[in-house]
Amino acid sequence: MKVKILRKEDIDRAIADEFINLIKRKPNAVLGLATGSSPLGVYKLLVEAYKKGEISFKDVTTFNLDEYVGLDGDDDQSYRYFMNTNLFDQVDIDKNNTYVPRGKGNIYHSAQEYDMKIASHGGIDLQILGLGSDCHIAFNEPGTDLNSLTHVTDIAESTIKDNARFFESEDQVPKKAVTMGLNSIMNAKKIVLLATGTNKAQAVRDMVTGSKDPSHPAAVLRNHINCVAYVDQDAASLLEKEVNITIIAD
């Protein structure tokens with residue numbers, strides 16, 4: 001794993017350029033996408049690149065990390081709705097080529113099929129991740145099996161509290177989600193993670209220096225052959241240079 005310490009706006013630019021350069025090189029790229037506040041700046045830059053004619057999404061396929069159980073794509077709190085609003089509706093992508101785990105219906109069966117669907121498209125070329133304050137990635141909370149594939153899971157109380165800002169009240173936050181598993185994520189050919197703010201400092205430290213076991217889900221990323229974590233100075237404030245970790249400060 002490489003850890004790059006940049007300003008927030010430079011992180012957005014660096015990650016957006018990773019996606020832009022990939023799409024230019026491989027117009028039918030398979031992208032792994034995330035939701036939440038962390039990637040919004042990246043998606044804004046991708047929309048700008050499309051509108052400037054730099055890239056086209058018409059042959060791109062996307063797979064999202066997760067979805068709340070109980071919400072369908074028309075619900076404005078669903079991750080499908082988030083992706084449509086913040087990216088898909090603003091570019092020339094074929095929505096038939098955009099995949100988000102199903103939050104309603106036979107969610108267990110569709111979860112089992114999700115990894116097979118990814119594999120049938122040749123795997124994810126580039127996966128973007130955020131980082132939870134308890135070191136979770138996607139909805140892989142502490143305790144998740146490191147070999148897990150896409151599955152239905154309970155959402156930790158700490159994550160419910162963190163996500164309550166997107167809802168009218170904490171009680172409205174769904175208690176379960178369908179999520180790519182840790183092994184699903186590790187199967188991506190390249191991974192970029194972004195984390196900013198002092199509230200992520202402990203999670204970044206646990207990711208970089210913590211034990212690579214279920215208590216620190218994101219620490220498994222240190223086993224990936226091509227993973228870059230982009231963090232700002234606040235999120236990196238508890239880091240010290242560690243053996244086997246390349247820390248680059250710009």
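I'll start at helix α7, residues 201–209, where the buried residues are Ala201, Ala203, Val204, Asp206, Met207 and Val208. Keep in mind throughout that this is a predicted model. The cover over those buried α7 residues includes three strands: β1 at 2–5, β9 at 191–195 and β10 at 227–231.

Next, helix α4. This one runs over residues 107–120, so to speak a 14-residue helix, and spans 20 Å from first C-alpha to last, close to the 20 Å expected at 1.5 Å a residue. There is nevertheless a kink in α4, of about 30°, and tyrosine 114 is at its centre. Tyr114 is also one of the buried residues of α4; the others are Ile107, Ser110, Ala111, Asp115 and Ile118. As a reminder, an α-helix has 3.6 residues a turn, so residues three or four places apart point the same way. And what lies over the buried residues of α4? The covering elements include the strands β3 (61–64), β5 (98–99), β7 (151–154) and β8 (176–179), along with helix α6 (182–186). Just after α4 comes glycine 122, with a positive phi of about 90°.

On to a helix pair. Two packed helices are described by the angle between their axes and the distance between the axes. For α1, residues 8–25, and α2, residues 40–51, the axes come within 9 Å and the crossing angle is roughly 50°. An angle like that is outside the parallel, antiparallel and perpendicular ranges, and α1 and α2 are therefore oblique to each other. The crossing of α1 past α2 is right-handed. On the α1 side, the contact is made by Asp12, Arg13, Ile15, Ala16, Phe19 and Ile20; α2 supplies Gly41, Val42, Leu45, Leu46 and Ala49.

Last, some backbone angles. Most residues other than glycine have a negative phi. Cysteine 135 is not a glycine, yet its phi is positive, about 75°. Where is cysteine 135 found? In the loop between β6, residues 126–129, and β7. Is cysteine 135 buried or exposed? Its relative accessibility is 0%, so cysteine 135 counts as buried.

Alanine 138 is found in the loop between β6 and β7. Its phi is also positive, near 55°, in a residue other than glycine. The cut-off for buried is under 20% relative accessible area; alanine 138 has 12% relative accessibility and so counts as buried.

That is what I have for today.

Terms used:
Residues numbered from 1 in each chain as written. Predicted model: local features only at pLDDT ≥ 70, side-chain atom pairs only at ≥ 80, totals over all residues. Heavy atoms only, no water. Helix = DSSP H or I, 4+ residues; strand = E, 2+ residues; numbered from the N terminus. Expected span 1.5 Å × (residues − 1). Bend = angle between axes of the 7 residues up to and from the residue. Buried < 20%, exposed > 50% of the residue type's maximum accessible area, 1.4 Å probe, protein only. Contact = heavy atoms within 4.5 Å. Axes fitted to C-alpha atoms, helices over the stretch in contact; angles between N-to-C directions. Parallel < 35°, antiparallel > 145°, perpendicular 65-115°, else oblique. Left-handed = near helix turned anticlockwise from the far one by under 90°.
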